[in-house]
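Subject: A structure for you to explore

Hi there,

Here is the structure I promised to pass on to you. Please open it and have a look around before you read the rest of this email.

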Amino acid sequence: METVVNFIKQYVINPILAITLVDILDIVLLAFLFYFVYRFIRDRRAGKVALGVLLILFILIISSAFEMHAINFVLENFYQVGIMALLIVFQPELRAALEKVGATPMAGLKNIAEQKDAEQTAEAISAIADAACALSREKTGALIVIERSTKLGEYIKSGVVVNAQISSFLLRNIFFNKAPLHDGAVIVRDYRVYAAGCFLPLSTHTDIVKDLGTRHRAAIGMSEISDAVVIVVSEETGTISLAYEGTLRRNFSYRTLKQALLSILDPGGNTKGQGGGRPHLRFGRNKTENVSTSGDRQNEQSQAKEE
């Protein structure tokens, strides 16, 4: 009995009493690190690769335990170059993950340091929603990126800098079929049309609906590597879609698109004239989702009267 008590005291009670605040902080940070790694590999092809690496590591341990010298030699040499090979193969995914990590705390600090004028936000969102609905009625393709905390300078360089005040007519003129800058994306920075004719990265995911074209894949790709909000108008069907956090939501009307943009860009609901009560839209893990638009056609028809 005394042996059991000494064992519990030595290996259970004493270690618990020796825990300090630094140890608790160390465990919490390690838990966040493991959670971040899990989220990183959960929806990517890296998940299967991680399982393969764990399987090889298990075989390596078994081969060392049973002194299997040949297979142990091969696996040890594999690990010497395998980690570097994985870093090269998954460079795009690693880059996207690090950008997400860097953007999250910076976004919070930026929101505290400078709050966007609510009226300016509402005016820009109204202009974007109006332009998207007008382009949808005309079945004119469009791709509009709203830059947030993650800067998109490398993609702005691929287009033409405009830096003009945002308006519905300007966006419609840019995406007019014969316009020189229509075949590309418009990037909105600080609620101004900053650049047009920009090229965006395509999503590499294989579970995207097959009937989605290049614009939609570019929208998903941009939302995967940044916190930008991307609006897409289909040239074939006129369907309005919105990509955010790697998820594409489809079948928006003027009202639902405006609500979605306000929910993301002004989550506090401080916009004048909105009356509060705006629901915060949650984006799930599925790559495409539908938005109910029943009863919204009257809003679109009222927008059409302006033409």
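Below is a short tour of what turned up.

One thing to keep in mind from the start: this is a predicted model.

**Salt bridges**

Let's begin with charges. Side chains of opposite charge can pair when their charged atoms come close. In this model, the count of salt bridges comes to four. Let me show you some of them.

Find Glu147 to start with. With a relative accessibility of 8%, Glu147 counts as buried, because the cut-off for that word is under 20%. The side chain of Glu147 forms a salt bridge with that of Lys151, at 3.9 Å from N to O. Glu147 also meets the side chain of Arg189 in a salt bridge, and here the N to O distance is 2.7 Å. Where do Arg189 and Glu147 lie? Arg189 belongs to strand S3 (residues 185–189), while Glu147 sits in the loop between strand S1 (142–146) and helix H7 (153–156). The two are 42 residues apart in sequence, so their pairing ties together separate parts of the chain. Arg189 is buried, and so is Glu147. Since these salt bridges share partners, Glu147, Lys151 and Arg189 are joined into one network.

Another salt bridge brings together the side chains of Arg172 and Glu138, at 3.7 Å from N to O. This pair links distant parts of the chain: Arg172 is in helix H8 (residues 168–174) and Glu138 is in helix H6 (residues 118–138), 34 residues apart. Are the two partners buried or exposed? Arg172 counts as buried, at 17% relative accessibility, whereas Glu138 is partly exposed, with a relative accessible area of 42%.

**Around Arg189**

Stay with Arg189 for a moment, as it has another neighbour to show you. Arg189 lies over the face of Tyr194, at 4.8 Å from the ring centre. Then look at Asp190, in the loop between S3 and strand S4 (192–198). Asp190 has a phi near 55°, which is a positive value in a residue other than glycine. Its relative accessible area is 41%, so Asp190 is partly exposed.

Which other residue has a positive phi although it is not a glycine? Try Asn251, where phi is about 60°. Asn251 is in the loop between strand S7 (247–250) and helix H10 (254–265), and with a relative accessible area of 32% it is partly exposed.

**Two helices**

Next, compare what you see in H10 and H4. H10 has 12 residues, and at 1.5 Å a residue it should span 16 Å; its end C-alpha atoms are 16 Å apart, so the two values agree. Of those 12 residues, 10 are buried, so H10 is largely enclosed by the rest of the structure. Among the buried ones are Tyr254, Leu257, Lys258 and Leu261.

Helix H4 (residues 69–89) has 21 residues, which should span 30 Å at 1.5 Å a residue. The end C-alpha atoms of H4 are 29 Å apart, which agrees. Where does H4 bend? The place is Val81, and the bend is about 35°. Asn72, Leu75 and Gly82 are buried residues in H4.

**What the searches did not find**

A disulfide is a covalent bond between the sulfur atoms of two cysteines. A search of the whole structure finds zero disulfides. You can still look up Cys133, which counts as buried at 2% relative accessibility, and Cys198, which is buried at 2% too. The search for aromatic pairs through the whole structure also finds zero.

**Two strand residues to finish**

Gln165 is in strand S2 (residues 160–165) and counts as exposed, at 64% relative accessibility. Gln165 and Val193 are 28 residues apart in sequence, with 6.2 Å in space from C-alpha to C-alpha. Arg249, in strand S7, is buried, with a relative accessible area of 10%. From Arg249 to Ile231 the C-alpha distance is 9.6 Å, and the two are 18 residues apart in sequence.

Have fun exploring, and write back with any questions!

Best wishes

Note on methods
Residues are numbered from 1 along each chain as its sequence is written. This is a predicted model: local features need pLDDT of at least 70, side-chain atom pairs count only at pLDDT 80 or more; totals for chains, interfaces and linings use all residues. Side-chain values use heavy atoms; hydrogens and water are left out. Helices (H or I, at least four residues) and strands (E, at least two) are DSSP runs, numbered from the N terminus. Buried means under 20% relative accessible area, exposed over 50%, partly exposed in between (1.4 Å probe, protein chains only). The expected span of a helix is 1.5 Å times one less than its number of residues. The bend at a residue is the angle between axes fitted to the seven residues ending there and the seven starting there. A disulfide is a pair of cysteine sulfur atoms within 2.5 Å. Rings of Phe, Tyr and Trp (its six-membered ring) pair if their centres lie within 6.5 Å; planes under 30 degrees apart count as stacked, over 60 as edge-to-face and the rest as tilted. A charge sits over a ring if NZ of Lys or CZ of Arg is within 6 Å of the ring centre and within 35 degrees of the ring normal.
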